[in-house]
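User: I have a new model open and would like to go through it with you, one question at a time. Let's start right away.

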Amino acid sequence: SDGVWLEPGANRAEPIGSEVILNVFDTLVAWTPPDFAALIARVTPSVVTVRDDTQPLGSGFVVGGGVIVTASHVVVAAKTPVAVVVGGRRLAARVLVKDEASDVAVLVPDETLAVGALPLSTAAAVGEWIVVLGNPFGAGTTATVGIVSARPGTIDRKSTRLNSSHI
């Protein structure tokens, strides 16, 4: 079934179609889950595997201008020049930017990529849905779903304590 009905205080669930009824502090709330499969199918062509000559190192995403965003630690782990695998094709890529403090790297492939770029957004609010896609081992797309749990703030890296903007 696509959904369940949770009675207040009950230990059982009954199907009710595509809606989910949540028991939140003994208040019943109707909710229709998003269609993640359609989103994942649409975005997957923009997911790349970042690798060197010996092994896959991690994932990246094609963004505007055909550049690829990945994690800096992925690029640092490369023992040979970096390449990206897009739709089964392996392309050489050069590192345009690498910032270890923010763990972000930008790669430029040797060829123009013919996949749609992902739009970047910094407007996500706490509580909004987020889907994280990857292909870190070159074996197919992985997906994880959750919610935005916090907005960016600052971290005191010396003491590793979060400042008051995280509270």
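User: Leaving aside neighbours within four places in sequence, which residues is I68 in contact with?
Analyst: Happy to start there: this is a predicted model, so local features need pLDDT of at least 70 and side-chain atom pairs count only at pLDDT 80 or more, while totals for chains, interfaces and linings use all residues. Residues are numbered from 1 along each chain as its sequence is written, and side-chain values use heavy atoms, with hydrogens and water left out. Contact means heavy atoms within 4.5 Å. With neighbours within four places set aside, the partners of I68 are V48, G60, F61, V62, V84, A105, V106, L107, P109 and L113.

User: Which elements give two or more residues to the largest nonpolar core?
Analyst: A nonpolar core is a set of buried Ala, Val, Leu, Ile, Met, Phe, Trp, Tyr and Cys residues joined through side-chain atoms within 4.5 Å; buried means under 20% relative accessible area, exposed over 50% and partly exposed in between, with a 1.4 Å probe and protein chains only. The largest one here has 16 residues, and those with the most contacts inside it are V48, V50, I68, V84, L107 and L113. Helices (H or I, at least four residues) and strands (E, at least two) are DSSP runs numbered from the N terminus. On that basis, the elements giving two or more residues are β5 (47–51), β6 (56–62), α2 (72–76), β8, β9 and β10 (104–109).

User: And how many residues are in the other core, which lies apart from the largest one?
Analyst: Nonpolar side chains tend to be buried together in soluble globular proteins. The separate core includes F36, V43, V47 and L133. Its residue count is five.

User: By what angle are neighbouring strands of the barrel sheet turned against each other on average?
Analyst: The sheet is a closed barrel of six strands, β5-β6-β7-β10-β9-β8, with antiparallel pairing. Axes are lines fitted to C-alpha atoms, for helices over the stretch in contact, and angles run from 0 to 180 degrees between N-to-C directions. With direction ignored, the average turn between neighbouring strands is 40°.

User: Which residue in the turn between β8 and β9 has a positive phi?
Analyst: Two strands pair if DSSP finds at least two bridges between them. Strands β8 (residues 83–86) and β9 (residues 89–99) are joined by four bridges in the antiparallel sense, with A83 opposite A92. They form a hairpin with two residues between them, and the turn residue with a positive phi of about 55° is G87.

User: Which residue plays that part in the hairpin of β9 and β10?
Analyst: These two strands pair in the antiparallel sense over six bridges, and K98 stands opposite A105. Most residues other than glycine have a negative phi. In this hairpin, with four residues between the strands, a positive phi of about 60° is found in the turn. The residue, partly exposed at 31% relative accessibility and not a glycine, is D103.

User: Which backbone atom lies 2.6 Å from a polar side-chain atom of T70?
Analyst: T70 sits in strand β7 (residues 68–70) and counts as buried because its relative accessibility is 7%. A polar contact is a pair of N or O atoms within 3.5 Å; within protein, one must be able to donate a hydrogen and the other to accept it, and residues adjacent in sequence count only if both atoms are side-chain atoms. The partner at 2.6 Å is the backbone oxygen of S59.

User: Which backbone nitrogen does the side chain of S59 reach?
Analyst: S59 lies in strand β6 and is buried too, at 16% relative accessibility. Its contacts, neighbours within four places aside, include V48, G134 and P136. At 2.6 Å, its side chain reaches the backbone nitrogen of N135.

User: How many residues apart are the members of the aromatic pair?
Analyst: Rings of Phe, Tyr and Trp (its six-membered ring) pair if their centres lie within 6.5 Å; planes under 30 degrees apart count as stacked, over 60 as edge-to-face and the rest as tilted. The whole structure holds one aromatic pair: F36 and W129, edge-to-face at 5.2 Å centre to centre with 65° between the planes. F36 belongs to helix α1 (residues 36–43) and W129 to strand β11 (residues 129–134), and their separation in residues is 93.

User: How far apart in space are T144 and I130, C-alpha to C-alpha?
Analyst: T144 belongs to strand β12 (residues 142–147) and counts as exposed because its relative accessibility is 52%. Beyond its neighbours within four places, T144 is in contact with I130, V131 and V132. T144 and I130 are 14 residues apart in sequence, and their C-alpha distance is 8.4 Å.
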